[in-house]
Amino acid sequence: KGDPKPHFNVTKLLDLGLHAEAEERYRHTLERKDVELGPLHPSTLWTVHNYAPLLFSLGRQGEGLDLARRAVDGFTQVFGADHPHTLAATEMLEGMLAAQQAAAPPAPEEAEQVAAKQEPVMESELVPAE
């Protein structure tokens, strides 16, 4: 009935660079645990917690962030806000949000402010292309 050590096998797949296969394994494991154990079972929540950064790193940031939020919410409901599991999930979510923010292009108004601070280039300073 399922894989007895799904996390070990996913870790091995990731170590081998088989990210699509690891994602598929996590997805199937999560679907199974949601049904068999329920969405708030600690094992299900750990799968959610471990799956979130994989999706995020694969460029599926929205899905990864949604799962990270689900992990925080679930751990908070089950264990409380100050439990180590909740704190770990919160730290992961904050790290993902920081990474997303760092990678985001500047907002249009920020780009305009940067452009306004730059000195204009005079036409006489341009070098013609050869």
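This is a short talk on the salt bridges, aromatic contacts and helix faces of the structure shown above.

Let me say at the outset that we are looking at a predicted model, and that every number I quote is computed from its atoms.

I would like to begin with the charged side chains. The structure holds six salt bridges, and I will go through some of them. In one of these, Arg 60 and Glu 23 bring their side chains together with 3.6 Å from N to O. Arg 60 sits in the loop between α3 (42-57) and α4 (61-79), while Glu 23 belongs to helix α2 (residues 19-36), so this bridge ties together parts of the chain that are 37 residues apart in sequence. The two partners have their own surroundings, in that Arg 60 counts as partly exposed at 30% relative accessibility, whereas Glu 23, at 6%, counts as buried. If you take in the neighbouring charges as well, Glu 23 and Arg 60 belong, together with Arg 27 and Glu 63, to a network of salt bridges.

Further along α2 there is a bridge between Asp 34 and Arg 70, whose closest N and O atoms are 2.5 Å apart. This pair, too, links distant parts of the chain, with Asp 34 in helix α2 and Arg 70 in helix α4, 36 residues apart. Both partners are partly exposed, Asp 34 with a relative accessible area of 25% and Arg 70 with 26%.

The bridge between Glu 36 and Arg 32, again at 3.6 Å from N to O, stays inside one helix: the two residues are four apart in α2, and about one helical turn separates them. An α-helix has 3.6 residues a turn, so residues three or four places apart point the same way. As for their accessibility, Glu 36 is partly exposed at 40%, and Arg 32 is partly exposed at 24%.

Since α2 has come up in each of these bridges, let me stay with that helix for a moment. At 1.5 Å a residue, its 18 residues should span 26 Å, and the C-alpha atoms at its ends lie 25 Å apart, which agrees. Which residues of α2 are buried? They are Ala 22, Glu 23, Tyr 26, Thr 29, Leu 30 and Lys 33, and, seen down the axis of α2, these buried residues fall within an arc of 135°, so they line one face of the helix. You will notice that the list includes Glu 23 and Lys 33 alongside residues such as Leu 30. The face turned away from this buried side carries the exposed residues Ala 20 and Val 35. After α2 comes Gly 38, with a positive phi near 100°.

Now to the aromatic side chains, where the count comes to three aromatic pairs. One of them joins Trp 46 and Phe 75 in a tilted arrangement, 5.1 Å centre to centre and with 55° between the planes. Trp 46 lies in helix α3 and Phe 75 in helix α4, so the pair ties together parts that are 29 residues apart in sequence. Here again burial divides the partners, with Trp 46 counting as partly exposed at 27% relative accessibility and Phe 75 as buried at 0%. With Phe 79 added, Trp 46 and Phe 75 form one aromatic cluster.

Phe 79 also takes us to the surface, where it forms a nonpolar patch with Leu 40 and Val 78, the three having about 210 Å² of accessible area together. Of these, Val 78 has its place in helix α4 and is partly exposed, with a relative accessible area of 34%.

I will finish with helix α5 (residues 84-103), for which the same questions can be asked as for α2. Its 20 residues should span 28 Å at 1.5 Å a residue, and its end C-alpha atoms are 29 Å apart, which agrees. Where do the buried residues of α5 lie around its axis? The residues concerned are Thr 86, Ala 89, Met 92, Leu 93 and Met 96, and they cover an arc of only 130°, which puts them on the same side of α5. On the other side of α5 the exposed residues are Pro 84, Glu 91, Glu 94, Gln 101 and Ala 102.

Methods:
Residues numbered from 1 in each chain as written. Predicted model: local features only at pLDDT ≥ 70, side-chain atom pairs only at ≥ 80, totals over all residues. Heavy atoms only, no water. Salt bridge = Lys/Arg side-chain N within 4 Å of Asp/Glu carboxyl O. Buried < 20%, exposed > 50% of the residue type's maximum accessible area, 1.4 Å probe, protein only. Phe/Tyr/Trp six-rings, centres within 6.5 Å; stacked < 30°, edge-to-face > 60°. Expected span 1.5 Å × (residues − 1). Arc of directions from axis to C-beta. Patch = residues over 30% accessible without salt bridge, like charges linked within 9 Å, V, L, I, M, F, W, Y side chains within 5 Å. Areas by Shrake-Rupley, 256 points an atom, 1.4 Å probe, with all protein chains shown as cover.
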